[in-house]
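This report describes how the parts of one protein model meet and how its metal ions are held. The sequence and the structure come first, and the discussion follows.

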Amino acid sequence: MTGTMPRAEKILSRINELASVSEAAKGITRRYGTAAAVEAGEKVRGWMRAAGLRVRVDAIGNIRGIWKSENAGADRLVIASHIDTVIDAGRWDGPLGVVMGLDLLENIISSGRKLPFDVELIAFCDEEGVRFHTTYLGSKVVAGSFERDMLDRKDGEGVSLREVIGMIGGNVEALEGDAIPPDQWLGYFEIHIEQGPVLYEKKAPVALVKGIAGQVRAEVVFKGMAGHAGTVPMDMRKDALCGAAAFILAVEELAARAGSGLVATVGKLQIANAASNVIPGEVVCSVDIRSADEVVLSQGHLQLKELCEAIGAQRALEVIWTVVQSSSPVVCDGRMNELLGKSIRRAGYEVLELVSGAGHDAVPISAVSPVCMLFVRCYKGISHHPQEHVETEDLAAAIVVADEFIHQLSEIWKYPL
Ligand code: GLV
Ligand code: MN
Ligand code: MN
């Protein structure tokens, strides 16, 4: 492990360098297509080029570096994660997988080793979906599942995705051409912080990911009647915010009572024309529903929608429920996980298997390629928060595992996964 500490320290210094690039003066915020996101991409691009990769920025803004093997027509292993962030984010969610992938390749290149397959390192430009309320825009392009109707979706300032792609020098006409054809994939490997407390509690540095929870995200509009806060009697009001408030508590209660691993969150709330002396006439909120079990997920979605409609009916509010995104649960590839488990064991750690409640770029990629993920412990499981933290010793442990995993893959590459 001591040999890997300098590599771990370099990873940390790159993570810190990326963390200094933000839309806001305070904290870390890099939403898709902003100057900060482009600047972070430029940094990664420079590092990839310096490492000897053949680098390009694709039509949506993903940074992509290829390391070619000497085998003509070799399949491609993709190592990737994202460099966009939520608002006031931590520094590790996303960038870890990119800078660790870069370190892996730098180590292979500098040791003069050859790989029997091509490796493409990708820094995805949008995984969090904060700006356009839909996730995986970058990885969907690479998977060939980008939905063109997304181009007309607008951000909070009314700027469409189509316009943003143009502004950052992308090309909406070339999005489909940037997919990796399904027959060229060897596999997909993503290193990511756990974003939950299990590894921290178990005092283990790494785990493999068995599967990733499916999710449904909906936008809910409550329409009532705006009015004067001083004149409309309480029993004559149609207060949209009170309807939303009842719904928010009902979401928490239903998920907590389900006892099936269902989780549900209202994370956004907008009050139209908000003022202290106006009865709220229209409120829009988000609902994020997740489960690793497809049936639990679809039942949970249906129950919450019905509950919302019942609250609306009770309070004489119009309710409009729109699903803005959904993805089914993903099972990570058994063969890749066998090799990853072997690599964890060889590195001297117990093989822990976790299901990810967080979404990852591995989700859309799983439609076209075997996928696997390595989780790295983060402090108390804190994520989507400035206190997100990874110990340098855990980076070193993950390096040993990842090196071994690439070695294992190169041993078996002839037998398709
Ligand atoms: C991404 O971080 C998600 O799980 O929402
Ligand atoms: Mn992430
Ligand atoms: Mn995230």
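## The interface between the domains

Across the interface of domain 1 and domain 2, 3 residue pairs are found in polar contact, both residues being at pLDDT 80 or more; a polar contact is a pair of N or O atoms within 3.5 Å, where within protein one must be able to donate a hydrogen and the other to accept it, and residues adjacent in sequence count only if both atoms are side-chain atoms. The side of domain 1 that touches domain 2 has 5 nonpolar, 5 polar and 2 charged residues, with Ala, Val, Leu, Ile, Met, Phe, Trp, Tyr, Cys and Pro taken as nonpolar, Asp, Glu, Lys and Arg as charged, and the others, Gly among them, as polar. The rule finds 0 salt bridges across this interface, a salt bridge being a side-chain nitrogen of Lys or Arg within 4 Å of a carboxyl oxygen of Asp or Glu.

About 710 Å² is buried between domain 1 and domain 2, with 41% of it on carbon and sulfur atoms; buried area is the accessible area (1.4 Å probe) that two parts lose on being put together, summed over both.

## Basis of the model and domain layout

The model is predicted, and local features need pLDDT of at least 70, side-chain atom pairs count only at pLDDT 80 or more, and totals for chains, interfaces and linings use all residues. Residues are numbered from 1 along each chain as its sequence is written, chains are lettered from A and ligands numbered from 1 in the order in which they are written, and side-chain values use heavy atoms, with hydrogens and water left out.

Domain 1 comprises 2-212 + 330-411 and domain 2 comprises 214-327, these bounds coming from an automatic or database domain assignment. Their contact (heavy atoms within 4.5 Å) takes 12 residues from domain 1 and 9 residues from domain 2.

## The two manganese ions

The manganese ion (ligand 2) is coordinated by H82 (NE2), D93 (OD) and H192 (NE2) at 2.0 to 2.2 Å, where donors are N, O and S atoms within 2.8 Å of the metal (3.2 Å for Na, K and Ca) and water is not among the atoms, so sites may look incomplete. D93 bridges this ion and the manganese ion (ligand 3), the two lying 3.6 Å apart.
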